[in-house]
Amino acid sequence: MNILFVNACIRGEASRTLGLCRAALEEIRAKYPQGEITELCLDQEELLPLHSDTLAQRNQLEHQGDFSHPMFRYARQFAQADLILIGAPYWEYQFPALLRCYIEHISVNGLTFAYGEDGRPHGLCKGERIFYITTAGGPILDRNCGFDYLKTLFSNMMSFTKIDYAAAECTDVIGYPVEEELRKTEARLREQIRAWD
């Protein structure tokens, strides 16, 4: 099994989100001992948004069906993963811009998705499961814009059928039992992973 960890935890080892992701990876290793885990730390990549020149080049290569260019390396890696773990803090009701840039780079027509005869996109990725982990300084409530966006994109455009989610909330609220919240979230995500079919 090819397991891809997309690390968008900008604060590095100080990140609470990354701590939960490390627990998830431990549980994933236990569940899939033969799995090979690859970590892609977005903070160490030179990810830039597409602009007119790179978009024109990408569109031309997409039209030719030539995905050998290095600009497609993230999409090729994503498409070949059996299981994808994404870790990102809850910022401005969604996630850091680096993750949005990454999504732009992996959303490649002919590689991770394609349009059918009815004009609707369908997925070309190998995997079917994505697990998204986040931590929020306050309560998320009904403002989970980042996860809602990713769930829509991955299910509707790339045909992922199993999309899981875990969050620790109120981690910056003064007086809130933060460590207890993190322990409870870790226990929940471990149970989620153990229950995967």
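Helices H4 and H5 pack with their axes 13 Å apart, at an angle of about 10 degrees. That angle makes H4 roughly parallel to H5. On the H4 side, the contact is made by Leu-99, Arg-100, Ile-103 and Ile-106. On the H5 side, Tyr-149, Leu-150, Leu-153 and Phe-154 take part. By class, this contact has seven nonpolar residues, one charged residue and no polar ones. The model is a predicted one.

H4 also meets a second helix. The axes of H3 (residues 73-80) and H4 (residues 97-106) come within 7 Å. They cross at roughly 80 degrees. An angle of 65 to 115 degrees counts as roughly perpendicular, and H3 and H4 are therefore roughly perpendicular to each other. H3 brings Tyr-74, Ala-75 and Phe-78 to the contact. H4 brings Tyr-102, His-105 and Ile-106. Five of these residues are nonpolar, one is polar and none is charged. Ile-106 is also listed in the contact between H4 and H5.

How enclosed is H4 by the rest of the structure? Seven of its 10 residues are buried, so H4 is largely enclosed. The buried residues are Leu-98, Leu-99, Cys-101, Tyr-102, Ile-103, His-105 and Ile-106. Tyr-102, His-105 and Ile-106 belong to the contact with H3. Leu-99, Ile-103 and Ile-106 belong to the contact with H5.

Now turn to the aromatic rings. The count comes to 13 aromatic pairs. One of them joins Phe-78 and Tyr-102. Their ring centres lie 6.4 Å apart, with 65 degrees between the planes. The geometry is edge-to-face. This pair links distant parts of the chain, with Phe-78 in helix H3 and Tyr-102 in helix H4, 24 residues apart. Both Phe-78 and Tyr-102 are buried.

Phe-78 has another partner, Phe-160. This aromatic pair is also edge-to-face, at 5.8 Å centre to centre and 65 degrees between the planes. Here the two residues are 82 apart along the chain. Phe-160 sits in the loop between helix H5 (145-157) and strand S7 (162-168). Is Phe-160 buried or exposed? Its relative accessible area is 3%, so Phe-160 is buried. Phe-78 is buried too, with a relative accessible area of 0%. Ring pairs link Tyr-74, Phe-78, Tyr-102, Phe-154 and Phe-160 into a cluster. Within that cluster, Tyr-74 and Phe-78 come from the H3 side of the contact with H4, and Phe-154 from the H5 side of the contact with H4.

Phe-160 leads on to a charged residue. Arg-129 lies in strand S6 (residues 129-135), and Phe-160 is one of its contacts. With a relative accessible area of 10%, Arg-129 is buried. Which side chain makes a polar contact with that of Arg-129? Asp-197 does, at 3.4 Å. Beyond its neighbours within four places in sequence, Arg-129 also touches Asp-82, Leu-83, Ile-84, Lys-162, Asp-164 and Trp-196.

Two further buried residues lie in helices H1 and H2. Cys-21 is found in H1 (residues 16-31). Its relative accessibility is 0%, so Cys-21 counts as buried. Leaving aside neighbours within four places in sequence, Cys-21 is in contact with Phe-5, Leu-85, Gly-87 and Ile-133. The C-alpha atoms of Cys-21 and Thr-134 are separated by 8.7 Å, although these residues are 113 apart along the chain.

Glu-62 is placed in helix H2 (residues 52-64). Is this residue, Glu-62, buried or exposed? At 17% relative accessibility, Glu-62 counts as buried, because the cut-off is 20%. Outside its neighbours within four places in sequence, Glu-62 is in contact with Phe-67, Phe-72, Val-108 and Asn-109.

Last come two loop residues with a notable backbone angle. Glu-92 is not a glycine, yet has a positive phi of about 45 degrees. Glu-92 lies in the loop between strand S3 (83-87) and H4. It is exposed, with a relative accessible area of 66%. Leu-141 is not a glycine either, and has a positive phi of about 55 degrees. Leu-141 belongs to the loop between S6 and H5. With a relative accessible area of 61%, Leu-141 is exposed.

Methods
Residues numbered from 1 in each chain as written. Predicted model: local features only at pLDDT ≥ 70, side-chain atom pairs only at ≥ 80, totals over all residues. Heavy atoms only, no water. Axes fitted to C-alpha atoms, helices over the stretch in contact; angles between N-to-C directions. Helix = DSSP H or I, 4+ residues; strand = E, 2+ residues; numbered from the N terminus. Parallel < 35°, antiparallel > 145°, perpendicular 65-115°, else oblique. Contact = heavy atoms within 4.5 Å. Nonpolar A, V, L, I, M, F, W, Y, C, P; charged D, E, K, R; others polar. Buried < 20%, exposed > 50% of the residue type's maximum accessible area, 1.4 Å probe, protein only. Phe/Tyr/Trp six-rings, centres within 6.5 Å; stacked < 30°, edge-to-face > 60°. Polar contact = N/O pair within 3.5 Å; in protein donor to acceptor, adjacent residues only side chain to side chain.
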